[in-house]
Amino acid sequence: MPIDPVALTAELVRCPSITPHEGGALVLLEDVLTKGGFTCTRVDRGDVSNLYARWGRQGANRTFGFNGHTDVVPLGDEAAWTMPPFEAEIKDGYLYGRGATDMKSGVAAFAAAAIDFVQNTPPDGAVVLAITGDEEGDAVDGTTALLDWMATNNEAMSVCLVGEPTCPDVMGEAMKIGRRGSMTAFFTMTGVQGHAAYPHRAKNPMPAMARLMDVLSSRVLDEGTTHFDPSSLQVLTIDTGNPATNVIPSHTKATVNIRFNDTHSSADLTTWMQEEADKVAAAFDIQVDMRVRVSGESFVTPPGDLSDLVGKAVESETGVKPELSTTGGTSDARFVKHHCPVVEFGLVGKTMHQVDERVAVEQIGQLKAIYTRILRDYFA
Ligand SMILES: [Zn+2]
């Protein structure tokens with residue numbers, strides 16, 4: 001009996017696996033994969049549950065890897081849901097529930113494809129699923145924990161497909177071959193508080209912060225590259241919280257987020273921002289403190305065998321030739337890229353993280369067919 005990816009998606013959606021709660025999702029998946037002939041290992045670290053499953057010989061020359069997650073983001077405004085978020089009800093061709101698109105349907109489609117594939121046409125090689133319960137959270141003990149465990153246990157993937165939703169509107173129209181980097185800088189400027197009528201006795205950090213934010217956001221970081229859109233720096237907030245009309249504040253804070261392409265590294269951008277901040281601080285004679293948090297560097301798997309394999313399978317099944325995209329936020333592919341070539345393909349992600357998240361039931365079947373074809377062509 002072939003595995004029904006819609007039924008499996010529904011079962012997974014019924015597991016309330018809001019990060020970092022496992023919610024029964026990985027237990028269910030482990031059960032299904034074990035019955036399908038996979039050897040499963042739970043790779044739990046910290047508060048997080050992860051699952052590693054392999055069919056075939058350890059150390060096989062050709063090992064096809066799949067990476068995905070079963071955790072989901074919180075419900076948001078629960079009262080605004082018109083369908084119950086953990087019941088996987090189907091209405092008008094859509095399956096509703098938190099995680100329906102991001103990305104329990106992707107995990108279910110690949111698991112169903114992989115189980116049927118290894119049973120019907122056992123390949124000369126191995127098929128691996130590395131499924132995390134912490135993609136939507138800090139991701140510290142998620143895919144990185146799986147990759148660390150793999151390294152110490154001589155487990156490897158020759159190539160890896162990440163099953164996140166990648167299509168903006170139409171099934172098949174985009175795959176991702178990389179992602180921009182993301183970093184956030186937190187600035188605090190400190191002057192001297194004083195009376196607004198006696199500014200010579202104070203040092204106002206506000207004009208300095210305004211100058212710095214203008215300098216940073218005015219710079220054209222680049223014009224884009226072969227595979228990437230131009231980098232972008234956005235000022236997210238400037239906070240002083242000064243309710244008085246006669247007081248010069250002593251402190252002001254600002255936060256800046258940068259989405260950067262392969263022209264830059266977080267280190268270069270940090271150096272640049274620090275230099276600009278120091279110049280402004282000197283010009284205004286105030287103190288500046290900058291802290292930086294890097295979510296990930298930009299990366300790209302240049303078009304080649306893996307993107308061709310996935311692109312051809314998508315086109316064969318949907319009639320649509322996928323664009324090779326690097327847009328959107330970061331994903332766990334940023335960790336996998338240190339391990340092996342990685343690309344991402346999944347279904348239409350329009351309602352990810354939204355109220356009434358839903359997936360077109362038809363697309364789940366299409367996705368299974370695409371993943372099946374990818375496996376078949378990879379081992380052909
Ligand atoms: Zn996701």
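Donors here are N, O and S atoms within 2.8 Å of the metal, and water is not among the atoms, so sites may look incomplete. Keep in mind as you go that this is a predicted model.

**Exercise 1. Work out which residues hold the zinc ion, and what geometry the site has.**

Step 1: list the donors. His-69 gives NE2, Asp-102 gives an OD atom and Glu-164 appears twice through OE atoms, at 1.8 to 2.6 Å.

Step 2: check the angles. Among the four donor atoms they run from 54 to 146°. Tetrahedral would need all angles between 85 and 135 degrees, and the site comes out as irregular.

Step 3: place the donors along the chain. Their spacing reads H-x32-D-x61-E. His-69 sits in strand 3 and Asp-102 in helix 3 (residues 100-120), so this pair, 33 residues apart, links distant parts of the chain.

Step 4: ask about exposure. Both His-69 and Asp-102 are buried.

**Exercise 2. Starting from Thr-132, find out what surrounds helix 4.**

Step 1: locate the residue. Thr-132 belongs to strand 6 (residues 126-132). Its relative accessible area is 0%, so it counts as buried.

Step 2: look at its neighbours. Leaving aside residues up to four places away in sequence, Thr-132 touches the zinc donor His-69, and its other contacts include Ser-49, Gly-68, Asp-332, Thr-143 and Leu-146.

Step 3: move on to helix 4 (residues 143-152). Seven of its 10 residues are buried, so the helix is largely enclosed by the rest of the structure. Thr-143 and Leu-146 are among those buried residues, as are Trp-149 and Met-150.

Step 4: name the cover. It includes strand 1 (39-42), strand 2 (50-55), strand 3, strand 6 and helix 8 (333-336).

Step 5: see what comes next. Helix 4 is followed by Asn-154, which has a positive phi, near 55°.

**Exercise 3. Describe helix 7 and what covers its buried residues.**

Step 1: get its span. Helix 7 (residues 305-318) has 14 residues and reaches 20 Å from first C-alpha to last, close to the 20 Å expected.

Step 2: pick out the buried side. Its buried residues include Leu-306, Leu-309, Val-310, Ala-313 and Val-314. An α-helix has 3.6 residues a turn, so residues three or four places apart point the same way.

Step 3: find the cover. Among the elements over these buried residues are strand 3 (63-69), strand 17 (323-325) and helix 9 (361-379).

Step 4: check the end. Just after helix 7, Gly-319 takes a positive phi of about 80°.

**Exercise 4. Which residues have the most contacts inside the largest nonpolar core, and how is the chain divided into domains?**

Step 1: take the core. It has 60 residues, and those with the most contacts inside it are Leu-33, Phe-38, Phe-64, Phe-345 and Tyr-371. Helix 3 gives the most to this core, with 12 residues.

Step 2: zoom in on Phe-64. Residues it touches beyond its sequence neighbours include Phe-110, Val-128, Leu-309 and Ile-374.

Step 3: look for another core. Apart from the largest one lies a core of 22 residues, among them Ala-185, Leu-221, Phe-260 and Ile-286.

Step 4: bring in the domains. The domain assignment gives domain 1 (5-179 + 299-378) and domain 2 (181-296). Their C-alpha centres lie 38 Å apart, and the contact takes 10 residues from domain 1 and nine residues from domain 2.

Conventions
Residues numbered from 1 in each chain as written. Predicted model: local features only at pLDDT ≥ 70, side-chain atom pairs only at ≥ 80, totals over all residues. Heavy atoms only, no water. Helix = DSSP H or I, 4+ residues; strand = E, 2+ residues; numbered from the N terminus. Expected span 1.5 Å × (residues − 1). Buried < 20%, exposed > 50% of the residue type's maximum accessible area, 1.4 Å probe, protein only. Contact = heavy atoms within 4.5 Å. Donors = N, O, S within 2.8 Å, 3.2 Å for Na, K, Ca; no water. Tetrahedral: all angles 85-135°; square planar, octahedral: opposite > 155°, others 65-115°. Core = buried A, V, L, I, M, F, W, Y, C linked by side-chain atoms within 4.5 Å. Domains from an automatic or database assignment.
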